[in-house]
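The following report examines a molecular model held by the reader. Please inspect the structure before reading on.

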There are 2 protein chains.
Amino acid sequence: MTRSAKTPTMIDVAQRAGVSPMTVSRAFKRDASVSDDTRRKIHAAAEALGYVFDSTASNLRSQKTGFLAVIIPSLNNANFADTVGAMTTQLRDSDLQILLGYTDYDIEEEERLVEQFLRRRPEAIVVTGGKHTGRTRRLLQNAGIPVVETWDLPEDPIDNVVGFSNAAAVGQMVDHFVARGLTRIGFIGGDEASDTRGFDRRRGFVAAMRAHGLTADRLIAGGPPPVMMREGAQAMADMLTRWPDVQAAICVSDLSGFGALTECQRRGIAVPGDISIGGFGAYDISAQCLPTLTTIDAFSSEIGRATGQLVDELLRNPARDRPAPQRIMVHPRLVVRGSG
Amino acid sequence: MTRSAKTPTMIDVAQRAGVSPMTVSRAFKRDASVSDDTRRKIHAAAEALGYVFDSTASNLRSQKTGFLAVIIPSLNNANFADTVGAMTTQLRDSDLQILLGYTDYDIEEEERLVEQFLRRRPEAIVVTGGKHTGRTRRLLQNAGIPVVETWDLPEDPIDNVVGFSNAAAVGQMVDHFVARGLTRIGFIGGDEASDTRGFDRRRGFVAAMRAHGLTADRLIAGGPPPVMMREGAQAMADMLTRWPDVQAAICVSDLSGFGALTECQRRGIAVPGDISIGGFGAYDISAQCLPTLTTIDAFSSEIGRATGQLVDELLRNPARDRPAPQRIMVHPRLVVRGSG
DNA sequence: ATGAAAGCGCTAACAG
DNA sequence: CTGTTAGCGCTTTCAT
């Protein structure tokens with residue numbers, strides 16, 4: 001093999017198999033019409049040469065990349081991981097590959113990512129949340145591909161939506177605690193600025209409390225997102241200092257909820273005897289800790305599955321005759337457990 | 001705009017800016033030599049047309065994709081998320097984009113992913129662990145790009161390695177418990193088959209116990225990976241049934257360790273009074289739970305940072321004169337906390 | 001600092 | 001079922 005320096009191309013495979021490059025191309029597609037015999041011969045030649053199909057050329061010529069761009073706030077978050085996992089599963093038989101990026105809860109970083117990703121010519125793009133920079137909106141609107149906003153219900157969606165109302169979900173939990181006779185209820189969240197879902201949960205808390213005629217001023221801001229276990233513990237400490245009479249704490253996530261729980265335990269405060277605690281997200285830990293944590297299951301996987309299905313359907317139609325933007329609702333469910 | 005149907009190309013931008021396409025191309029590169037005035041004019045034209053640079057064409061012509069393929073076992077794992085996060089940070093100023101995939105701890109799935117990813121012509125590829133299918137090894141060896149195996153110290157590396165000995169790390173913890181006078185120590189892990197790092201940790205446990213002249217037969221297999229909180233709790237229940245005299249349990253991860261801890265607490269078994277527990281990975285929860293969990297910090301972030309740096313250095317040199325494969329060691333550290 | 005020509009490796013479109 | 005021709009949108013290379 002004198003030409004061993006260069007990576008082999010379809011032409012090399014074609015020569016070796018004694019067919020035209022076009023036939024080799026067909027042999028590497030699923031549905032294309034090539035005789036079984038020819039296909040075998042071609043694959044043998046490819047294997048012998050160590051040929052690896054070159055998507056970059058295919059992408060350019062066919063104007064299809066097979067990329068689905070997906071942007072989430074954080075890699076290290078079981079909820080978003082579940083969403084992406086379910087999306088992957090749902091898309092297993094389509095030939096889309098996920099191009100995953102994360103923003104660290106920063107919409108400027110989201111803008112950078114969206115711009116980078118669009119250069120790769122994905123066939124659709126999935127973003128988390130409904131709040132974006134103006135430039136991000138413009139880029140997405142003009143991209144000419146399906147866009148899906150998830151984990152939220154934006155008032156003015158860019159295109160499709162698969163989500164739920166974070167505010168309403170927390171409302172369910174307020175109702176639950178109130179039904180149990182608790183009135184002095186606080187909320188533990190992050191700084192409102194960048195984590196819009198966290199902010200919506202806080203809004204929902206305030207709205208629901210007011211609807212019950214209760215004061216909604218027991219609010220602790222635990223710093224920039226993500227508010228994790230440590231921040232939840234610190235926030236609970238602050239809560240107990242400022243409002244020693246608090247009867248229940250609703251936390252922006254199960255992680256902060258668990259932190260709050262441990263802080264109570266360190267102080268000998270009984271949960272749920274002295275204080276009830278609620279979380280958000282149905283993370284593993286909420287089912288495992290002692291006591292188990294009352295939470296809201298937002299059905300992260302269902303969001304991913306529905307998004308995958310929607311994308312798949314949209315891409316079956318040519319861009320011309322795609323249906324009107326969809327708005328798919330997921331319905332979070334309160335899961336009452338040991339913590340109140 | 002009569003041609004609004006089509007996505008604008010560099011030619012459109014060039015016409016509008018009154019320059020040649022080549023100049024537009026240069027204006028979109030960082031270092032290229034274009035006069036400030038021309039560059040401004042071109043960017044204005046691009047913005048006006050809604051032009052978005054097309055990487056697919058650039059990739060083909062320049063034979064560079066800017067992709068770094070990264071394969072991890074699971075998205076939903078804080079350790080791997082930290083590694084990827086640190087890698088991203090380290091590579092921020094290079095112009096590499098991570099193409100992330102996960103295998104669900106299945107080396108057959110890894111093979112599928114490697115093959116898919118290589119078609120995208122990444123400039124380097126990072127995999128987790130040192131055990132692969134034969135075909136995966138062959139594909140990686142012939143890919144003609146730098147390969148990095150991480151989170152392990154394979155005996156026969158494919159190319160570069162950034163990792164540590166999982167066995168030796170667990171040995172440290174055995175030594176620690178033995179130094180505290182404990183002798184009846186058990187190990188909680190997963191089924192050995194697919195999670196090779198978990199298997200290595202178990203091997204390390206057995207070897208270290210034997211080195212101390214202790215029996216190493218208190219082994220619980222908690223099912224296929226990942227062994228999470230629930231499985232850890234179940235495994236501890238099994239352990240207590242089969243070996244009620246056990247003095248310490250070393251768990252394959254902090255998640256299973258936390259599960260084991262809660263199981264003890266549900267049964268009124270004092271930790272560390274009656275039984276000591278150790279985890280692995282320095283997950284957030286190990287620092288937050290009550291008691292805090294003794295663990296091993298494998299420095300996930302450092303693995304990512306070092307890998308990113310290595311890839312960056314390797315890609316600076318043309319393929320011809322790259323240095324010999326590197327073997328970079330990370331040194332896990334025992335973190336003694338409240339659980340024993 | 002800018003331009004002209006050629007072509008990266010594959011596949012759409014058409015032909016047979 | 002298989003082949004031919006042309007070209008996707010950029011960038012390499014060589015000029016100027």
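How many of the 340 residues of chain A, in per cent, count as buried? The share is 50%, where a residue is buried if 20 or more other C-beta atoms, placed from the backbone, lie within 10 Å of its own, exposed if 12 or fewer, and partly exposed in between.

This is a predicted model, in which local features need pLDDT of at least 70, side-chain atom pairs count only at pLDDT 80 or more, and totals for chains, interfaces and linings use all residues. Residues are numbered from 1 along each chain as its sequence is written, while chains are lettered from A and ligands numbered from 1 in the order in which they are written.

**Chain A**

Chain A contains 13 helices and 12 strands; these are DSSP runs numbered from the N terminus, with helices (H or I) of at least four residues and strands (E) of at least two. Its C-alpha trace spans about 85 × 40 × 30 Å along the principal axes. The radius of gyration of chain A is 25 Å, whereas a compact globule of 340 residues would have one near 20 Å; the quantity is taken over C-alpha atoms, and the globule rule is 2.2 Å times the number of residues to the power 0.38. Among contacts in chain A with a separation of 6 or more, 69% join residues 24 or more positions apart, a contact being two residues whose C-beta atoms, placed from the backbone, lie within 7 Å.

**Helix α13 and strand β3**

The 17 residues of helix α13 (residues 300-316) of chain A should span 24 Å at 1.5 Å a residue, and the end C-alpha atoms are 25 Å apart, which agrees. The expected span is 1.5 Å times one less than the number of residues. Buried residues of α13(A) include Ile303(A), Thr307(A), Leu310(A) and Leu314(A). The cover over the buried residues of this helix includes α5 (78-90), β1 (67-72) and β3 (124-128) of chain A.

Val126(A) belongs to strand β3 of chain A and counts as buried because it has 28 C-beta neighbours inside 10 Å. Neighbours within four places in sequence aside, Val126(A) is in contact with residues including Leu68(A), Val70(A), Val148(A) and Thr307(A).

**The two copies**

Chain A can be laid on chain B with an RMSD of 0.1 Å by a turn of 180° and a shift of 0.0 Å along the axis. The two copies are thus related as by a two-fold rotation axis. Superposition is by least squares on the C-alpha atoms of residues with pLDDT of at least 70 in both.

The contact draws 41 residues from chain A and 41 residues from chain B. Elements giving two or more residues to the side of chain A that touches chain B include α10 (229-242) and α11 (254-266) of chain A. Of the interface residues of chain A, 100% are also interface residues in chain B, so the copies meet through the same surface.

**The DNA strands**

A residue is near a strand if its C-beta atom, placed from the backbone, lies within 6 Å of it. Ala, Val, Leu, Ile, Met, Phe, Trp, Tyr, Cys and Pro count as nonpolar, Asp, Glu, Lys and Arg as charged, and the others, Gly among them, as polar.

| Surface | Nonpolar | Polar | Charged |
|---|---|---|---|
| Near DNA strand C | 10 residues | 9 residues | 3 residues |
| Near DNA strand D | 10 residues | 9 residues | 4 residues |

Around DNA strand C, those that come nearest include Met10(A) and Arg61(B); around DNA strand D, they include Arg61(A) and Met10(B). The largest share of the surface is 5 residues from α4(A) for DNA strand C and 5 residues from α4(B) for DNA strand D.
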